[in-house]
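Visitor: Please pick one part of this model and take me through it closely. After that, I'd like to hear about its surroundings.

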Amino acid sequence: MLLRLPTSLHYPITVTELLKQPNDHVDKFAPLFSYVYETEVTEGDSLGNTWQTLKKYPTRFESSVEGVLINWKIDEGAVISKPNVNIAEIEEPCAHSVQFGGMCVTCGKDMSESSYVTEQLDSSRATINMVHNNVSLTISENEAARADDEAKRRLLASKKLSLVVDLDQTIIQATVDPTVADWQKDGHNPNHDAVKDVRAFLLKDDGPGNRGCWYYIKLRPGLKGFLENVSKIYELHIYTMGTRAYAKNIANIIDPEHKIFGDRILSRDESGSSTAKNLQRLFPVDTKMVVIIDDRGDVWKWSPNLIKVTPYDFFVGIGDINSSFLPKKPGPKPSQKAAAIAGPEPRDDQTEGATKEELQPTINGNTSQELATPSAGESEAPAANNVSALEQLVAMGGGNDPATRQAQTTRQDEALAAQLEDRPLLQKQKQLEAEDAAIGSAAANEDGDSGNASPSSDDSSEPDKPKHNLLQDHDRELFQLEESLHKVHTDFYDIYYRRLSDAQGGRLGQLRGGQKRKLPSEKSDLDLVPDIEIVLPSVKSKVLAGVVIVFSGVVPLGVDVGSTDSAILARSFGARIEENVGRSTTHVVAARNRTLKVRKAIKRGKGRIKIVNPQWLTDSIHRWSKVDERPYLLDTEGKNGPHEDDDDILSESESPAASESGEDTDTSSRPSKPTLTLKTKPNKSHVDPDESEFEDVALSEIDVDEASPVGGTNEDWSGMNDELAEFLGSDAEDSDGDSVASGDTNGSSKLGMRGKKRGREENDSGDESEDGNAGKVKKKQAVGNGLTSLSQTTMAEPDGDEDEKDDGEEEEAGVGAVVNGEKEEGDGWSEFEDELERELEKDGSEDHGEG
Amino acid sequence: MYFLHDMERTITLHPSFFGPRVKEYIRGRLMEDVEGTCTGQFYIICVMDTDTQDFSEGRVVPGSAVAEYTVHYRAVVWRPFKGETVDAIVSSVNREGIFADVGPLPTFVSKHMIPSDIKWDPNATPPQFTDNGDQVIEKGTHLRIKIMGTRSDVGSMFAIGSIKEDFLGTL
């Protein structure tokens, strides 16, 4: 060990004599050299006079370590003016590189001893936790590096990688709700099938009041095969935020022979942090060969080694029972995820709990109750997010504070107690059955008009099934995950072997040259190992490469789009996230079909921009491939729900006009054509509301008129409204089976109406002659919008050529609208809509400038 | 090593326990409080002579209603010493060495303190130290170890051990 001069000496010092020679044994506290220092002191005489004088004091420097002196770094007579100068090298008999409970495991000395010569506690020499299950064993950096090299070489020899596996909601889901046991016993319970293979264990000193607590563990489908296959190419570690006892019990269930995980289990007792997971805890030196699977990205700080899996949510509404130790998920996230998960699975929407319902209507929205919720949900979401972000900061900051930890433990206990007490599963099932009854009766009324266009139809409206089971077991995540892990493994070893053969080829060449060359050292061998942090992202980023995504209606207002989970995930898969629809945008991921961005995308994208629901992104990420967008395309045509009142119908009828005015042609240039077609179409479409082939034709023409000079004075307008309402009154009955009419259409459709009005006003000034037709036009529009299966989307628009020139014209209309201002806005639009409008205006004028 | 040790403890008792059976309560409290604990120097294994224990007069603490009793008692205590040879059960093994429990005392045997013919085998199931002969050290194995050092914290003790001597190692 290299000895240095401490800061506590009185510099400058002059070395007068070296008291030890090289190879001498040096004890602790033994004098190493003597030196002289000078200082100003106050002297006095017997008369009381005092004066300052400089005096020299000789003293000796004592060794802080024991060992054999190797050599001196200073000479006799040297003057040293500052600290931290090397004095001597002393070889210690023990480097204290591995310590246990504050003792060196080799020499048994107490590492926390300190004395007046101590510069640095010996315990600081070994600070790294290397062992999964014990925090009292620490090792030094050198030792850790050696261990790491050893481990890597072993993995390379067996062609494996390390895989860190999270438990809760990744490969299992746990609950303490005793309802599960009841259902297991009751063979007639609708949930019996789902829970019959749920495993249980008792933790004695756990749960409220330390009375012991039964845990019910549901394994993710396919787990056994997954672990077996993956363990052939990965060395698996468990890293969980559960307690040690919990983790051990789970390991006993999923790996009864301890072949897969062995003792490589790290729980929150040893984690060192209760809020974040840290790969350095397990792999202190480097993480080149480590892959993580977890359902939470935030706790890993979105480490590049992470493969994020969809949370396993079998026990509906239970979530992660150990998550009270983790920072809270941002407010809107769970709902979005829940909705996303609910999509492909026939899970019942109603059971998702209040928060989860927030966003569902926008995706599945076809029940009347849900129509009522979204506006409330929207406004709450941003607030919730702010709160949780703050909480997260607080939680992060105080993560290691014992008081906080205690509080978290208490909170966890409370959560468990609440779960035991409340039996949320039972409640949900009861609620579900109650709703079944209600829906059953409602279904009788609605029968026949449930032509669901949405792929994510909920099963709550199936009238044939008498009782619904709350728990569904359809998860397929692990099968996908296994493929992904295989891919990463293959890629990693491809790169490694390529590099290896390159290196060997070089050596062969040199050998042929006749030069004798020594084998590459073992160290350089390890240098060839590629880094997962590079391999994994590169594999992932190919998935959505070239995709430019704009989110719409997915992220609550006021939340930074770039920092949301979906955005981070999408970015890690190679997509680019943009705030607004632009030239390069390829996809708009929209939760609703009437948002400003969607309309903009329709307007500007013209088939180039694919408008998909969030499920597309989820599935792409899930499958690690860019899935075909077609099944996910949002229906961008206008649809009416059966429960809209007149105003809504009217306004909605006009929104397609606003949104499609761009793609649907040169309206202003040929004003007469639409009016001609109008006279015949309404009746036909009314007669055959379900003939979509026909409607495609009809609709395009309808759209034409809508953006076209549909003139009308203000007096005409109100008359038309009435007429239209009357007309629709009959229409709604036979054509309301569409599933897309979301509760949010109110907001966006008003906007659409507004745009429409503008168009009309403009036309007022331009073309009065159309007035006579206006009434019919309105009727026609109403019919068009009453037709529900208008599944025509922007994608289907074939006229790519026309688009370009239409653009200009359409923008013109937009500008004109701005100029004309708002005549009929007496009833006060909300600020939000105003803002949207301004944005639209701006965009319009920009485009105009470009065109 | 085991000792009989005389000790003293102050026990506070809530007024609801005052009555003819107060001594029983105190005795119960004493057992509950001290048996199985670690003072940092030794482990208290068992409280002895419960009949002849010496209780002081109860003294009501001013300002509260609880009474304080000072109890003199004798207990069997166990104190590990450096150089002592003890039997232990392996609790886990890893490449750095062996964790073993000597009764309540967590002990670690470093790989430097293991005979050189007993090697770490990470590929075995479960991972183990083995000489590829009859000596296999894995979780649950009984070991005879020599304590090389102890260290005490507040309420807990640690020890490091060695099996690198004759007659030490697996039993």
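**One strand and its surroundings**

Guide: Let's start with a pair: A:Ile238 stands opposite A:Ile265, which belongs to β18(A). Before going further, keep in mind that this is a predicted model, where local features need pLDDT of at least 70, side-chain atom pairs count only at pLDDT 80 or more, and totals for chains, interfaces and linings use all residues. As for labels, residues are numbered from 1 along each chain as its sequence is written, while chains are lettered from A and ligands numbered from 1 in the order in which they are written.

The part I'd pick is β17(A), residues 234-239. Strands here are DSSP runs of E, at least two residues long, and helices are runs of H or I, at least four long, both numbered from the N terminus. Six of the six residues in β17(A) are buried. That label calls for 20 or more other C-beta atoms within 10 Å of the residue's own, whereas 12 or fewer makes it exposed and anything in between partly exposed, with C-beta atoms placed from the backbone. A:Tyr234, A:Leu236 and A:Ile238 point one way from the strand, with A:Glu235, A:His237 and A:Tyr239 pointing the other way, and all are buried.

Now for the partners; two strands pair if DSSP finds at least two bridges between them. β17(A) runs parallel to β13(A), residues 161-165, over five bridges, and one bridge partner there is A:Ser162, matched with A:Glu235. With β18(A), residues 265-266, the pairing is again parallel, over two bridges. Zoom out a little and you get an open sheet of five strands in chain A, ordered β18-β17-β13-β19-β20 with parallel pairing. Its edges are β18 and β20 (306-308), each of which pairs on one side only.

How does the chain get from β17(A) to β18(A)? Together with helix α5 (residues 244-254), the two strands make a right-handed β-α-β unit. Right-handed here says that, with the strands pointing away from the viewer, the path from the first strand over the helix to the second runs clockwise. A:His258 is in the loop between α5 and β18 of chain A. Its phi is near 55 degrees, a positive value in a residue other than glycine. A:His258 counts as partly exposed because 16 C-beta neighbours fall inside 10 Å.

A:Ile238 also has a place in the largest nonpolar core, which has 64 residues. A core of this kind is a set of buried Ala, Val, Leu, Ile, Met, Phe, Trp, Tyr and Cys residues joined through C-beta atoms within 7 Å. A:Leu163, A:Val165, A:Ile172, A:Ile217, A:Ile238, A:Ile250 and A:Val291 touch the most other members. Take A:Ile172: beyond its neighbours within four places in sequence, its contacts (C-beta atoms, placed from the backbone, within 7 Å) include A:Leu167, A:Ile217, A:Leu219, A:Ile250 and A:Ile254. A second, separate core of 37 residues has A:Ile139, B:Val90, B:Ile114 and B:Met148 among its members.

That brings in the other chain. The contact between the two takes 22 residues from chain A and 18 from chain B. On the side of chain B that touches chain A, β6 (85-94), β7 (97-102), β8 (105-110), β12 (142-153) and β13 (156-162) of chain B each supply at least two residues. β12(B) gives the largest share, three residues. By class, that side has eight nonpolar, seven polar and three charged residues; nonpolar takes in Ala, Val, Leu, Ile, Met, Phe, Trp, Tyr, Cys and Pro, charged is Asp, Glu, Lys and Arg, and the others, Gly among them, are polar.

As for the whole chains, chain A has 29 helices and 24 strands, and 44% of its 851 residues count as buried. Chain B has one helix and 14 strands, with 29% of its 171 residues buried.

One caution before you wander off along chain A: its mean pLDDT, the predictor's confidence in each residue from 0 to 100, is 67, and 57% of its residues reach 70 or more. Residues 638-712 of chain A stay under 50, as do residues 731-828 of that chain. Where pLDDT is low, the predicted coordinates should not be read in detail.
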